[in-house]
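Could you walk me through this structure in my viewer, stop by stop? Please tell me what to select next and what I will find there.

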Amino acid sequence: MILVTGGAGFIGANFILEWLGCGDEAVLNIDKLTYAGNIDNLAPLKSDARHIFVRADIGDTSTIGTLLKKYQPRAIVHFAAESHVDRSIHGPADFIETNIVGTFRLLESARAYWQSLPDDARQSFRFLHVSTDEVYGSLSADDPAFSEMTPYAPNSPYSASKASSDHLVRAYYHTYRLPTLTTNCSNNYGPRQFPEKLIPLMIINALAGKALPVYGDGKNIRDWLYVDDHCSAIRTVLAKGVPGEVYNIGGNAEMANIDVVHTLCRLLKEIYPDKDFTEQITFVKDRPGHDRRYAINAEKICTQLGWRPRETFATGLAKTIRWYLDHQDWLDAVNNKTYQQWIDRHYVQG
Ligand code: NAD
Ligand code: DAU
């Protein structure tokens with residue numbers, strides 16, 4: 001079996017659903033269930049014995065050690081993190097605790113377990129660390145896209161905490177030879193994304209007749225990747241990646257935020273022809289330290305491991321909108337008091 005951390009979150013849940021959809025290897029899912037963790041994401045696996053869920057913190061060394069001994073996973077895929085840049089600006093402490101200290105503790109648990117394995121299991125064991133393109137900092141319009149050789153220059157508490165965890169993972173390979181793999185991916189979107197992030201926030205605000213809050217001039221650029229393509233890249237790296245290596249993952253889909261929002265409004269209008277959602281677009285105060293542009297050069301994973309994204313931004317976005325329209329129950333459950341408190345604090349009070 002494999003151990004997945006953060007498997008009740010957006011990417012982790014999509015990863016587990018797909019993993020068990022295309023094979024029979026069991027998954028031990030360890031998730032603390034923070035505000036972003038949602039066990040409903042895994043509802044289709046409720047009575048599936050191949051999915052074992054344990055609510056725990058990655059930093060709880062004793063519980064993680066016990067679980068590793070009991071279940072003997074052949075790999076750890078580490079998604080668990082605090083993941084929202086705006087929240088890291090309001091309160092960085094949880095980001096330091098989970099992304100840095102938590103990853104350090106998880107590495108220690110993994111190292112102790114790995115060292116106890118027989119030779120062949122030790123050889124084939126993998127620790128795959130899921131990271132972000134934000135560790136590379138911000139590009140200007142003419143800069144080449146981020147490659148695996150781009151120097152780190154994180155600009156937010158979130159990206160600094162992820163950069164720090166990447167360095168720890170690197171050090172565990174070089175110092176202890178723990179067979180690590182690191183992936184640095186661009187912006188994901190798709191089903192089950194918590195509506196604090198741009199695309200789901202815009203979808204639910206548009207449908208609710210609320211403002212569509214675009215930060216600054218709306219010209220910041222992100223490189224979008226449909227979540228299933230990220231998941232297939234992670235499966236590829238886990239199967240074929242070389243220990244100690246880093247792989248950038250991206251969709252070749254750079255877009256300014258304002259264009260993302262206009263595309264969304266256009267796709268929604270095809271479903272609701274009487275409405276003009278663009279009237280709801282509102283420019284609001286910019287995010288402090290807002291990175292201007294991200295772009296990923298994914299040549300290494302494409303040429304060395306044979307991975308390719310399947311969705312274009314247009315096909316992925318249409319699927320995403322459809323999913324949110326078809327899952328009002330999921331949205332109602334997420335749209336609770338804690339969520340409203342975040343929205344009020346961030347968008348109303350600033
Ligand atoms: P998310 O916020 O939706 O989910 C994070 C999950 O981790 C939640 O289920 C949460 O309960 C769990 N978690 C948080 N702290 C924990 C702890 N201490 N112990 C155990 N579980 C804990 O995040 P996501 O968007 O699914 O991102 C997953 C990973 O992918 C993160 O490491 C993130 O940095 C990385 N990533 C995300 C994107 C993106 O666009 N969303 C892009 C590139 C990389
Ligand atoms: O690049 C990968 C990263 O992408 C991941 O590591 C992070 O976990 C993930 O949250 C995401 O970070 P971003 O900050 O790029 O994503 P977010 O959805 O928060 O914002 C995307 C862009 O949209 C960004 O330029 C800020 C802007 N934005 C965001 C929100 C929430 C707005 O204009 N208005 C908004 O209300």
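Here is a tour of two sheets and two ligands. Keep in mind on the way that this is a predicted model.

**Stop 1: the seven-stranded sheet**

Begin with a cartoon view and colour the strands β3-β2-β1-β4-β5-β6-β10, which is their order in an open sheet of 7 strands with parallel pairing. Look for the edges at β3 (51-55) and β10 (246-249), each of which pairs on one side only. Ignoring direction, neighbouring strands here are turned by 20° against each other on average.

Now zoom in on residues 27-31, which are strand β2; this strand runs parallel to β3 and pairs with it over 5 bridges. Which residue of β3 is the bridge partner of Asn 29? Select Phe 53 and you have found that partner.

Next, bring in the helices. Select residues 93-115 to show α4, which packs on the sheet and touches β1 (2-5), β4 (75-78) and β5. The direction of α4 makes about 165° with that of β5. Then add α6, which lies across β5 and β6 (180-185) and runs at about 155° to β5.

**Stop 2: ligand 1**

Keep β5 and α6 on display and select ligand 1. Both elements belong to the group that supplies at least two residues each to its shell, alongside α1 (10-21) and β7 (187-189). The biggest contribution is from β5, with 3 residues.

Show the shell as sticks: there are 28 residues around ligand 1, and Ile 11, Asp 31, Ser 83, Tyr 158 and Lys 162 come nearest. If you colour by class, you will get 13 nonpolar, 11 polar and 4 charged residues.

Which backbone atoms should you check with the distance tool? Try a polar backbone atom of Ile 11, 2.8 Å from an oxygen atom of ligand 1, and one of Phe 10, 3.1 Å from an oxygen atom of the ligand. For a nitrogen atom of ligand 1, go to Ile 58, where a polar backbone atom is 3.0 Å away. Switch on a surface, too: ligand 1 taken alone exposes 830 Å², and the protein buries 97% of that.

**Stop 3: the three-stranded sheet**

From ligand 1, follow β7 into an open sheet of 3 strands, ordered β7-β9-β11 with mixed pairing. The edge strands β7 and β11 (254-256) each have a single partner strand, so one side of each is left without a neighbour in the sheet. Neighbouring strands are turned by 50° against each other on average, direction ignored.

Highlight residues 221-226 to see β9, which pairs with β7 in the parallel sense over 3 bridges. Asn 187 has Trp 224 in β9 as its bridge partner. Add residues 227-240 as well: this is α8, a helix that packs on the sheet, touches β7 and β9, and makes about 70° with the direction of β9.

**Stop 4: ligand 2**

Finally, select ligand 2 and the 24 residues around it, of which Thr 132, Asp 133, Tyr 158, Arg 287 and Tyr 347 come nearest. By class, these are 10 nonpolar, 8 polar and 6 charged residues.

Here the distances to check involve side chains. Oxygen atoms of ligand 2 lie 2.6 Å from an N or O atom in the side chain of Tyr 347, 2.7 Å from one in Glu 134 and 2.9 Å from one in Arg 222. Ligand 2 taken alone exposes 690 Å², of which the protein buries 95%. To finish, colour α7 (198-207) and β8 (212-215), the elements that give two or more residues to this shell; β8 gives the most, with 3 residues.

Key: Residues numbered from 1 in each chain as written. Chains lettered and ligands numbered in written order. Predicted model: local features only at pLDDT ≥ 70, side-chain atom pairs only at ≥ 80, totals over all residues. Heavy atoms only, no water. Near = heavy atom within 4 Å. Polar contact = N/O pair within 3.5 Å; in protein donor to acceptor, adjacent residues only side chain to side chain. Areas by Shrake-Rupley, 256 points an atom, 1.4 Å probe, with all protein chains shown as cover. Helix = DSSP H or I, 4+ residues; strand = E, 2+ residues; numbered from the N terminus. Nonpolar A, V, L, I, M, F, W, Y, C, P; charged D, E, K, R; others polar. Pairing = 2+ DSSP bridges. Axes fitted to C-alpha atoms, helices over the stretch in contact; angles between N-to-C directions. Contact = heavy atoms within 4.5 Å.
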